[in-house]
Amino acid sequence: MTTAWRSTTWLLLGASLILALSLGTRHGFGLFLPPMSAEFGWGREVFAFAIALQNLIWGLAQPVTGALADRFGARKAILVGGVLYVLGLLCMGMADSPLSLSLSAGLLIGIGLSGTSFSVILGVVGRAVPVEKRSMAMGIAAAAGSFGQFAMLPGTLGLIGWLGWSAALLALGLLVALILPLAAMIRETPPPASTGPQQTLGEALREAAGHSGFWLLALGFFVCGFQVVFVAVHLPAYLVDNHLPALTGTTVLALVGLFNIFGTYIAGWLGGRMAKPRLLSALYLLRGVVITLFLVAPLTQWSAYLFGIAMGLLWLSTVPLTNGTVATLFGVRNLSMLGGIVFLFHQLGSFLGGWLGGYLYDTTGSYDLVWQISIGLSLMAAALNWPVREVPVARLQDVPA
């Protein structure tokens with residue numbers, strides 16, 4: 001029992017460090033929008049499109065990467081993803097045109113993220129822990145990604161100020177390369193022996209496709225992606241537009257990362273004790289309230305900081321709850337793939353939130369319409385998650401998930 005506990009702890013530590021590096025770096029990309037756009041004379045849509053493309057490629061690649069991780073091992077997926085992530089950062093540091101930016105920040109980093117982020121990592125964690133501890137373990141790993149955001153955002157801003165944006169990206173590439181040795185800590189737990197035939201990939205896909213709860217979770221996750229990428233990419237520029245210091249935006253995103261550590265952990269803890277879909281509905285409603293209050297209150301540094309704290313508590317709290325619900329419904333054997341499909345919808349929302357923010361700003365000179373869309377989407381996501389029931393499919397009624 002002690003050996004199993006140590007093995008699980010080692011795996012959880014490795015998973016947490018990989019997520020901290022992968023997501024911590026990714027959350028700082030919005031800081032490169034102003035210097036790159038200014039140097040090359042781009043409108044905000046150019047950079048916004050590249051980051052939106054990154055999220056779209058990440059989402060499109062995720063089900064395939066997840067399926068490969070389920071079948072051939074997560075460690076291989078992490079290694080390949082880590083290499084592509086590093087190459088993407090190095091090429092992004094040398095980008096000098098919209099095309100080269102889209103190929104590096106969009107294509108390479110997008111595929112790299114699919115092997116080093118939630119679906120693959122949480123799939124491993126979900127298989128390694130008992131069902132009653134699954135939501136909590138996923139919450140801990142997801143919270144580590146938030147710590148990476150909190151710790152790396154100020155560092156990224158410091159690198160840009162010290163080295164310039166190009167060399168800062170090269171330095172981040174060296175840091176992300178640490179993912180490669182950390183992959184050795186991912187020792188997977190083999191799935192429990194089954195007395196019946198193993199479910200094929202096609203059977204898993206058909207089973208999920210015929211379940212209404214699967215699609216409701218996926219559509220709700222679309223909203224999460226729209227909101228978090230819009231805020232992460234465009235909030236620093238929005239605050240500068242409203243005459244607040246550039247450091248304010250970085251501080252707000254760092255506060256999002258700091259308080260998301262607590263929010264994600266609490267969500268994972270509550271997910272083991274309450275209905276996860278109902279918690280998701282509450283989280284999306286609260287996001288709508290927080291955004292509304294942020295817009296109607298006078299905008300100051302302190303109101304921006306309060307917004308960062310409140311959004312942080314709600315930021316990635318959806319991740320352990322969504323993935324935990326998928327695991328409850330369908331089991332863990334194909335969790336990386338099924339979680340990847342749900343995550344694809346998250347990334348479709350991410351693409352729209354990142355690109356639409358830049359497009360509407362360049363078109364209207366304001367982010368007001370995108371904020372309003374975000375509020376409406378919160379209400380939609382709350383309504384979508386409410387009817388989902390945490391009842392395992394018939395295949396799992398008499399066997400452990």
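In the predicted model, the axes of helix α7 (residues 131-163) and helix α8 (residues 165-176) approach to within 7 Å and cross at roughly 135 degrees. Angles over 145 degrees would count as roughly antiparallel and those from 65 to 115 as roughly perpendicular; α7 and α8 are therefore oblique to each other. The crossing in which α7 passes α8 is right-handed. On the α7 side, the contact is made by Met152, Thr156, Leu159, Ile160 and Leu163. These residues meet Trp165, Ala167, Ala168, Ala171, Leu172 and Leu175 of α8. Sorted by class, the contact of α7 with α8 comprises 10 nonpolar residues, 1 polar residue and no charged residues.

A second helix pair is formed by α11 (residues 212-241) and α16 (residues 335-364), whose axes come within 6 Å and cross at roughly 35 degrees. Here too the handedness was determined, and α11 passes α16 in a right-handed crossing. The contact of α11 with α16 contains 21 nonpolar and 9 polar residues, together with 1 charged residue.

Solvent accessibility was examined for helix α6 (residues 118-128), which is mostly covered, with 11 of its 11 residues buried. The buried residues of α6 include Phe118, Val120, Ile121, Leu122, Val124, Val125 and Ala128. Ser119, Gly123 and Gly126 are also buried in this helix, as is Arg127.

Ile266 lies in helix α12 (residues 246-271). The relative accessibility of Ile266 is 43%, and since buried means under 20% and exposed over 50%, Ile266 counts as partly exposed. Ile266 and Leu348 are 82 residues apart along the chain, and their C-alpha atoms are separated by 27 Å.

Cysteines were considered next. A disulfide is a covalent bond between the sulfur atoms of two cysteines. The search for such bonds covered the whole structure and returned 0 disulfides; the criterion was a pair of cysteine sulfur atoms within 2.5 Å. The accessibility of two cysteines was also evaluated. Cys91 has a relative accessibility of 33% and therefore counts as partly exposed. Cys224 has a relative accessible area of 0%, so Cys224 is buried.

Methods: Residues are numbered from 1 along each chain as its sequence is written. This is a predicted model: local features need pLDDT of at least 70, side-chain atom pairs count only at pLDDT 80 or more; totals for chains, interfaces and linings use all residues. Side-chain values use heavy atoms; hydrogens and water are left out. Axes are lines fitted to C-alpha atoms, for helices over the stretch in contact, and angles run from 0 to 180 degrees between N-to-C directions. Helices (H or I, at least four residues) and strands (E, at least two) are DSSP runs, numbered from the N terminus. Angles under 35 degrees count as roughly parallel, over 145 as roughly antiparallel, 65 to 115 as roughly perpendicular and the rest as oblique. A crossing is left-handed if the near helix is turned anticlockwise from the far one by less than a right angle, and right-handed if clockwise. Contact means heavy atoms within 4.5 Å. Ala, Val, Leu, Ile, Met, Phe, Trp, Tyr, Cys and Pro count as nonpolar, Asp, Glu, Lys and Arg as charged, and the others, Gly among them, as polar. Buried means under 20% relative accessible area, exposed over 50%, partly exposed in between (1.4 Å probe, protein chains only).
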